[in-house]
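Here are a few exercises on helix packing and sheet layout. Grab the viewer and try each task before reading its solution.

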Amino acid sequence: MTAKIPITVAYGDGIGPEIMKATLRIIESAGAAIEVEPIEIGESVYRRGQTSGIEPASWASLRRTRVFLKAPISTPQGGGFKSLNVTIRKSLGLYANVRPCVSYHPYVATRHPAMDVVIVRENEEDLYAGIEHRQTDQVMQCLKLITRPGSERIIRYAFEYARQNNRKKVTCFTKDNIMKLTDGLFHKVFDEIGAHYPEIAREHWIVDIGAALLADTPGAFDVIVMPNLYGDILSDVAAQIVGSIGLAGTANIGETVAMFEAIHGSAPQIAGQGIANPTGLLLASVMMLVHLGQNQVAERVHNALLKTLEEGLHTADIYEDGVSRRKVGTTEFAEAVIDHLGHFPDHLKAVSYPASVPKIQTGWVKQAPAKKMLVGIDVFLDWRHGIPDELAAGLRRVAHPNLTLTMITNRGVKVWPDGLPETFCTDHWRCRFMALEGVEAGHGDVVSLLNKIQEAGLDFIKTEHLYTFDGEPGFSLGQGQ
Ligand code: NAD
């Protein structure tokens, strides 16, 4: 008999306990060798004043078992409560969010019968670094961080996932026509890493048209890899167009720990009524069983679930007259899946999880550091008077032997020299000073420039150094420059 593997389980809020009990009953009936270690998270913990929604002691369980099956929780509004999901993902380094979205046509109504897409979303970086500042009366800022190690890890994960699961194509969505450095890096790394997987087709779409195509013809996609924000939005779109958000599960994968959950929330409106669909959490548990190496159990559960859906035993969220055979509650649905263990679907494609799939190894390749040269500085000012030429005149009096004013922008648009009177300006100005051609600026130059700006009575609120890396500019041009 296989030794039982301890897993950490949270029953969550709302419909969480109902769907978790159903899920555990099914996988244990299928022979899952697991030892449940329950922890409490969510509403009750928040209410006790723990703003993270998780007790310090629960981290010990997560770090010991390294496998977390989590039911949805309710996040109280306001009051400084932090998103538990974001805390868990970032604290445990769960960098990859993997979400398969499959349609069960004609058994579950969907406009996209051929959909079978896996979204691989970067889970830690991008605008989710949460580094935000108010800079002036009128302007807030959020830093978008895209790193080479982060991009390499998630993109390699997507290609390895595709290879392991016999997928034929990996698509990347970015907005690198606008964000040439951040999204540009993600796209560049996608091309570099994709070249090592010649058997897998690769394509890139600008995220706006890519999103439109995904919503319209999802059958054209296979695996899609995306930075965090686009992945967050589009993985919900993909799950929704499959038929019901009650149907999808998701895995959050890190180097050592992995978390598995349904994609939906705690559905408080239907909690306690015994009508919730446990499919999303059940499919998450199937991903967990594969992760634990219990592939045969995963296969039994998944095929029994497909057979149950095909038999038309449907919970209320997917029930449809003329298509479904009987409306069932959570417990009855679980019993039907258990009755179908050992059976395969007749029409839907049966799944197979070949034994002993190695854990996906990702990592990143350390490169020799580029030669970095300071060639200028962007000084941001809080200035309310509104006429760019006046600001330029004031700044040109700030004579510096090495750093010369070359451009002023407002919200990224060049307003000096040769700005247009129609350009709307806020109180937040970016003033670009460049070093003399071929002369490297030093930190001393920056400090003396700032001193002069202060003496001129101007309020600088932040600076960004302008470097070249191996001669390539590490900064964007102003719009209109
Ligand atoms: P929700 O996903 O809970 O519900 C959206 C709609 O889908 C509702 O009509 C609901 O009844 C239905 N639904 C969801 N899951 C279902 C299921 N398994 N079976 C049948 N119907 C189902 O989203 P919401 O209403 O925006 O959020 C409710 C709470 O859940 C909020 O407190 C939110 O913060 C939380 N939430 C938690 C998670 C998580 O823990 N991962 C994710 C999303 C939302």
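**Exercise 1.** Work out the hand of the crossing of α9 and α10, and how the two helices run relative to each other.

*Solution.* Start with the hand: in this predicted model, α9 and α10 cross in a left-handed way. Next, take the axes. Those of α9 (residues 279–291) and α10 (residues 295–310) come within 8 Å, crossing at roughly 155 degrees. Angles over 145 degrees count as roughly antiparallel, so that is how α9 and α10 are related.

Now look at who does the touching. From α9 come Thr279, Leu282, Leu283, Val286, Leu289 and Val290, while α10 brings Asn295, Val297, Ala298, Val301, His302 and Leu305. Sort these residues by type and you get 9 nonpolar, 3 polar and no charged.

**Exercise 2.** Do the analysis for α7 and α8: are they roughly parallel or roughly antiparallel?

*Solution.* First the geometry: the axes of α7 (residues 207–216) and α8 (residues 228–241) come within 10 Å, with a crossing angle of roughly 15 degrees. The cut-off for roughly parallel is under 35 degrees, and α7 and α8 therefore fall in that class. Their crossing is right-handed.

Then the contact: Val207, Ala211, Leu214 and Ala215 of α7 meet Tyr230, Leu234, Val237, Ala238 and Ile241 of α8. Tally the types and there are 9 nonpolar residues, no polar and no charged ones.

**Exercise 3.** Trace the open sheet of 10 strands and find which strands stand at its edges.

*Solution.* Walk across the sheet and the order reads β2-β1-β3-β12-β11-β4-β5-β10-β8-β9, with mixed pairing. The edges are β2 (34–39) and β9 (201–206); each has a single partner strand, so one side of each lacks a neighbour in the sheet. Ignoring direction, neighbouring strands are turned by 25 degrees against each other on average.

Zoom in on the β9 end. Strand β8 (residues 169–174) runs parallel to β9, and 6 bridges join them. For one of the pairs, cysteine 172 has histidine 204 in β9 as its bridge partner.

Finally, add the helices. Helix α1 (residues 16–29) packs on the sheet, touching β1 (5–10), β2 and β3 (67–70), and its direction makes about 165 degrees with that of β2. Helix α7 lies across β5 (116–122), β8, β9 and β10 (223–226), at about 110 degrees to β9.

**Exercise 4.** Zoom out: into which domains is the protein divided?

*Solution.* The division gives domain 1 (1–115 + 242–358), domain 2 (121–217) and domain 3 (372–473). Taken over C-alpha atoms, the centres of domain 1 and domain 3 are separated by 53 Å.

Notes. Residues are numbered from 1 along each chain as its sequence is written. This is a predicted model: local features need pLDDT of at least 70, side-chain atom pairs count only at pLDDT 80 or more; totals for chains, interfaces and linings use all residues. Side-chain values use heavy atoms; hydrogens and water are left out. Axes are lines fitted to C-alpha atoms, for helices over the stretch in contact, and angles run from 0 to 180 degrees between N-to-C directions. Helices (H or I, at least four residues) and strands (E, at least two) are DSSP runs, numbered from the N terminus. Angles under 35 degrees count as roughly parallel, over 145 as roughly antiparallel, 65 to 115 as roughly perpendicular and the rest as oblique. A crossing is left-handed if the near helix is turned anticlockwise from the far one by less than a right angle, and right-handed if clockwise. Contact means heavy atoms within 4.5 Å. Ala, Val, Leu, Ile, Met, Phe, Trp, Tyr, Cys and Pro count as nonpolar, Asp, Glu, Lys and Arg as charged, and the others, Gly among them, as polar. Domain bounds come from an automatic or database domain assignment. Two strands pair if DSSP finds at least two bridges between them.
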